Amino acid sequence: MKNAGKTILTLFAGMLFGAALFSGGVAHAAEIFYKAIPSTNVIYLDGQRVELAAFAIDGSNYVKLRDVGELVGFNVYWDGTVQIDSDAPYTGVAPGTGAAAQTPAPAVTPAPIITAPAETSPSGQPYTIHADHWSREDFSQQANPAVFTATYDRALYNAIRQTMVDGTSETAPAYTMVAKGEEYSAVKNLLGRMEGAVRYEHHVPENFTNYYEHLEYFAVSAAMPENYQAPYEFIQPVIEQANRLGSDREKVAYLNDYLCTLLAYNKGRTAAVTEIFSQHSNELEAACGTYARAFKFLCGAAGIPCFTVSTSNHGWNMVYVDGQWLHVDVSANDLYRQHYILLAETVQGRTDRAPEQTAFLKELLIPGSTK
């Protein structure tokens, strides 16, 4: 591409491009951890503003070289080292491997080289990744293949499931790549629907040395927030009583009735978990979303798989009981003073606004549950 050099210069006019991307500084940069934050600089290509993910690190802006190649129109590929072919259009693969590039990639690629053992990667030790997808096991083989989509794919399933199995983010985390924008928002929403007593969040290791090379890196942490400790201790007598019951059905009904003693339905009102599960003399006013979040907290503490479901204007829960996913709407049960929707197989007249995400969630929490 004869004008590639000129185009690249135009693209980065007024923007400091980190020298470590093009020189022996890569090795040095990998030894030192700098905090990466999204860059606010505006980037132009031939006078037109373009969207290009960039991170500010130690006073310099960094972007993915492959993103530049795709945007400008020159090839960038890996064959043991980074190669740039300014006369070839962007494909991301080495010449002569076009046919291979058309072949779907396996569900899980081999583990990348990391600078600490996969099982430990202790804090303070460098953590460097060199591949796009990694988990120590292919958990997706246990799931219903029908739930996987372009956004909710096997790599994402494996990354989240690995954290759920590990029970901690202290080990070297399994990761995938999640593009910023709509895909990132969808995955964040997915994690939010899972939260009970444990919160799942996008996790970047503090000792990550080469984040500037993997700006779409997505691993997941699992931990109880510090402010959840007090409400968790507050409900322990309730959880102990629930666990004395003979079945999960009885436990769910008991937790539903308990929550109804703490809240009173009022559309537009909210209450935090820390408020609900603490001493208060009167019922707290709350809308459906608060009921659903609080019920997830209770179920999480009792070990009952649970997540939230919603339409455009209403939210409730699904729980896994007796080998199936069932609906529980605590806000409706409280409002109507009866078990209106409690362990129901279906709910008429409601349209789940994220059915693909819901199916993926069911398989994440209970592999094979939708087969």
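**Cores, crossings and a few odd residues**

At 26% relative accessibility, Gly289 counts as partly exposed, and this glycine is part of helix α11. Keep in mind that we're looking at a predicted model. The protein has 13 helices and 16 strands, and 46% of its 371 residues count as buried. If you take the contacts between residues at least 6 apart in sequence, 56% of them join residues at least 24 apart.

**The nonpolar cores**

- The largest nonpolar core has 36 residues, and the members that touch the most others are Val252, Leu255, Leu259, Phe277, Phe295 and Val319.
- Helices and strands both feed into this core: α8 (236-243), α9 (248-260), α10 (273-276), α11 (288-302), β14 (315-321), β15 (324-328) and β16 (342-344) each give at least two residues.
- Helix α11 supplies the largest share of this core, with eight residues.
- Phe277 is worth a click: leaving out residues up to four places away in sequence, Phe277 touches Pro231, Phe234, Ile235, Tyr258, Leu259, Leu262, Ala294, Phe297 and Leu298.
- There's also another core, apart from the largest one, with 30 residues that include Val178, Val187, Ala222 and Val309.

**Where α9 meets α11**

- For two packed helices, the usual description is the angle between their axes plus the distance between those axes.
- The axes of α9 and α11 come within 10 Å, crossing at roughly 135°.
- That angle falls short of the over-145 cut-off for roughly antiparallel, so α9 and α11 are oblique to each other.
- As for handedness, α9 and α11 make a right-handed crossing.
- On the α9 side, Val252, Leu255, Asn256, Tyr258 and Leu259 do the touching, and they meet Tyr291, Ala294, Phe295, Leu298, Cys299 and Ala302 of α11.
- By residue type, the contact of α9 with α11 comes out as ten nonpolar, one polar and no charged.

**More on α11: Gly289 and Thr290**

- Gly289 and Trp316 sit 27 residues apart along the chain, yet their C-alpha atoms are separated by 7.1 Å.
- Thr290 is also found in helix α11.
- With a relative accessible area of 3%, Thr290 is under the 20% cut-off, so Thr290 counts as buried.
- Who surrounds Thr290? Setting aside its neighbours within four places in sequence, Thr290 is in contact with Leu263, Arg269, Thr270, Ala271 and Ile276.

**Where α5 meets α13**

- The axes of α5 (154-166) and helix α13 (residues 355-365) come within 10 Å and cross at roughly 40°.
- That makes this pair oblique too, α5 to α13, because the roughly parallel label needs an angle under 35 degrees.
- The crossing of α5 and α13 is right-handed.
- From α5, Leu156, Tyr157, Ile160, Arg161 and Met164 meet Phe360, Glu363, Leu364 and Leu365 from α13.
- Sorted by type, the residues of the α5 and α13 contact are seven nonpolar, no polar and two charged.

**Val147, a buried loop residue**

- Val147 belongs to the loop between α4 (98-102) and α5.
- Is Val147 buried or exposed? Val147 is buried, at a relative accessible area of 6%.
- Beyond residues up to four places away in sequence, Val147 touches Tyr152, Ala359, Phe360, Glu363 and Thr370.
- Phe360 and Glu363, both in that list, also turn up on the α13 side of the contact with α5.
- Val147 and Lys371 are 224 residues apart in sequence, while their C-alpha atoms are 9.6 Å apart in space.

**Positive phi outside glycine**

- Most residues other than glycine have a negative phi.
- Asp322 goes the other way: it isn't a glycine, but has a positive phi of about 55°.
- You'll find Asp322 in the loop between β14 and β15, where Asp322 is exposed with a relative accessible area of 51%.
- Arg337 isn't a glycine either, and has a positive phi of about 55°.
- Arg337 lies in the loop between α12 (330-335) and β16, and at 66% relative accessibility Arg337 counts as exposed.

Terms used:
Residues are numbered from 1 along each chain as its sequence is written. This is a predicted model: local features need pLDDT of at least 70, side-chain atom pairs count only at pLDDT 80 or more; totals for chains, interfaces and linings use all residues. Side-chain values use heavy atoms; hydrogens and water are left out. A nonpolar core is a set of buried Ala, Val, Leu, Ile, Met, Phe, Trp, Tyr and Cys residues joined through side-chain atoms within 4.5 Å. Buried means under 20% relative accessible area, exposed over 50%, partly exposed in between (1.4 Å probe, protein chains only). Helices (H or I, at least four residues) and strands (E, at least two) are DSSP runs, numbered from the N terminus. Contact means heavy atoms within 4.5 Å. Axes are lines fitted to C-alpha atoms, for helices over the stretch in contact, and angles run from 0 to 180 degrees between N-to-C directions. Angles under 35 degrees count as roughly parallel, over 145 as roughly antiparallel, 65 to 115 as roughly perpendicular and the rest as oblique. A crossing is left-handed if the near helix is turned anticlockwise from the far one by less than a right angle, and right-handed if clockwise. Ala, Val, Leu, Ile, Met, Phe, Trp, Tyr, Cys and Pro count as nonpolar, Asp, Glu, Lys and Arg as charged, and the others, Gly among them, as polar.
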